[in-house]
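Me: I would like to go through this structure slowly, asking at each step what a word rests on.

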Amino acid sequence: MSLTTAHSVVAPSSNAKLIAGTIIIAYALISIVPLLWIFATSFKTPPDSIAYPPKIVFQPSIEGYCNLFTTRTRQTPEYINSLGPATGVCDATVRKRNMVIAGPSNFLPRFVNSLIIAFGSTFCAVFLGTLSAYGFSRFKVPLADDLLFFILSTRFMPPIAVAIPIYLMYREIGLSDTALGMILLYTAVNVSLAVWLLKGFIDEIPREYEEAAMIDGYTRLQAFWRTVLPQATTGIAATAIFCLIFAWNEYAFAALLTSGTAQTAPPFIPTIIGEGGQDWPAVAAGTTIFLVPILVFTILLRKQLLRGITFGAVRK
Amino acid sequence: MLNRTADNVARATPEPLAKKIRGISDKGLAWLFISPTILLLLAINIFPLFWAIYLSFTNYRANRPNDVVKNLGFANYKRILGDQDIWIAMQTTAHFVFWTILLQTVIGFTLAWLIDRKFRGHAFWTTIILVPMMLSPAVVGNFWRFLYEPQIGLFSYVVSFVTGIPPTNVQMLSNVEMAPWAIIIVDTWMWTPYVMLICLAGLRSIPEYIYEAAEVDRASNWRQFWSITLPMALPFIMLAVLFRGIENFKMFDMVNLLTGGGPGSTTEVASITLKRQAFESWRTGYSSAFAIILFVAVFGLANIYVKALNKVKQR
């Protein structure tokens, strides 16, 4: 602990770094095991997935993915032999289990629902959020703090409590189990996040830019369009990804308010069953496909993550 | 000379006219920008809320829309506050909130403190640790059901391997004692990174010169931790605790998929009770009253949150 060393006196010793690094890496590896296990299970056959002891080394198979996208019926070997040669890899895989593919499963439509609802609500929330955030950031709005708190407070209600009246209201106006109904609901939930995050981002853009543009003869609206929006692109993109992740992951509203045509993937995936219980490789396959986009976004977002999860309260 | 003329003309032009020439007035634009959001929230959040308040005074049942609706006054509220099951659900919720926050704060702060040693590659491993919190609690929580399966589940296998308990006896979800802990473990796994990330921001906000001064004064590492690190990171820790507290008060996804409130009602948190009353027993009026009571409770928390937020911002 000498003061003569070149580096800062408070820099941790190399021993401390070694211990800290070891513990962190150990924690990271342990915490990632469930995700690796999902990935591994998606490439197991159903018997391999429920083997005891759990198999770490196994023969990879795409049966889980085949089962995820298809419905199958059990047939006699004679019937299967009477069919022509298998038409594809999945066809061949299921025939080994004395099954034939009966048709597509509901996974793809549910996945498409997730895409439509997540992107639709994100677009609406970010559009409304950008306008409101600019309004709150640049103008003296009467009761601004109260309005901002009101916008945020809608986020503190338990989803089930919100779902009861929404369920009744949607039933009255014919929005039950529709993509539009879900988009409106997710927009309302996400707009609070969008306003708070974007207000922070827009607050950071110097007013002088717009003022200069307005002196040059731009109207307020043109100044907003030509100078503020381009400056806020990063913030808008980050906000959009946060809204997208929320809408993509949401389960409670989707489980209670959708049942068929507008159902999203999260309430659907747990219901994937095979013969005699849950078809875990298929569930794992669905989970893997569902999680990959989020993994990519998390890596893209890692610098903005802190801001997003605290509604802009911590900016670093 | 010419300049002065232009100046005079500018001064003579009345203010409102100047603004009209430039398009909509600022005030008009502000409302034009803010009102769509407010209208949407009024339609999707506030109107249903008032509807729920109305229903909470009635015996309305959503599965029998043609029944005569009777006004019950405060009967629903009285019944809820005297209902043993509701109080048990509130206790279960409190139990979850307490343990998840305690575990997540202790582990999360420790991890942040270690990452702040800035060892080689810390940024990469931090990103790895952050992954679970971004995933869907429902979809990943559902998969934990598989990890918890006795014998064939990876979690049960590892537990029996380490402790020597026969693998068929490691029953996390069907055992009355263990089921609440099964949920606490998944929640802690998922949300510790959240607390860690906020704590890390807190630790990094402490200026280095304070430590340098402490070093000059020969304060021990222990002393530095308790007198500098912890107090200065405290607003951030509090913020994380409040966010997690509010989120876990609403906890629904994981519980619904892992145990559905069972076995029996050992893991029945407030949201599960609400779902059972509203969407299984269809006691809409009664469950609306419970929802309103939860609103009030969460609103109290929300106010505390905003006060804490302001305190953090003032620093």
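Me: Which residue just after α13(B) takes a positive phi?

Reply: The residue is B:Trp282, whose phi is about 55 degrees. This is a predicted model, in which local features need pLDDT of at least 70, side-chain atom pairs count only at pLDDT 80 or more, and totals for chains, interfaces and linings use all residues. Residues are numbered from 1 along each chain as its sequence is written, and chains are lettered from A in the order in which they are written.

Me: What makes α13 of chain B a helix that is mostly covered?

Reply: A helix here is a DSSP run of H or I with at least four residues, numbered from the N terminus, and α13 of chain B spans residues 270-280. A residue is buried if 20 or more other C-beta atoms, placed from the backbone, lie within 10 Å of its own. In this helix 8 of its 11 residues are buried, including B:Ile272 and B:Lys275, so by that definition the helix is mostly covered.

Me: Why is the largest nonpolar core said to lie between two domains of chain A?

Reply: A nonpolar core is a set of buried Ala, Val, Leu, Ile, Met, Phe, Trp, Tyr and Cys residues joined through C-beta atoms within 7 Å. The largest has 165 residues, of which B:Ile198 and B:Cys199 touch the most other members. Domain 1 (46-105) and domain 2 (108-309) of chain A, with bounds from an automatic or database domain assignment, both give residues to this core, so it lies between them.

Note on methods:
A residue is buried if 20 or more other C-beta atoms lie within 10 Å of its own, exposed if 12 or fewer, and partly exposed in between; C-beta atoms are placed from the backbone. Helices (H or I, at least four residues) and strands (E, at least two) are DSSP runs, numbered from the N terminus.
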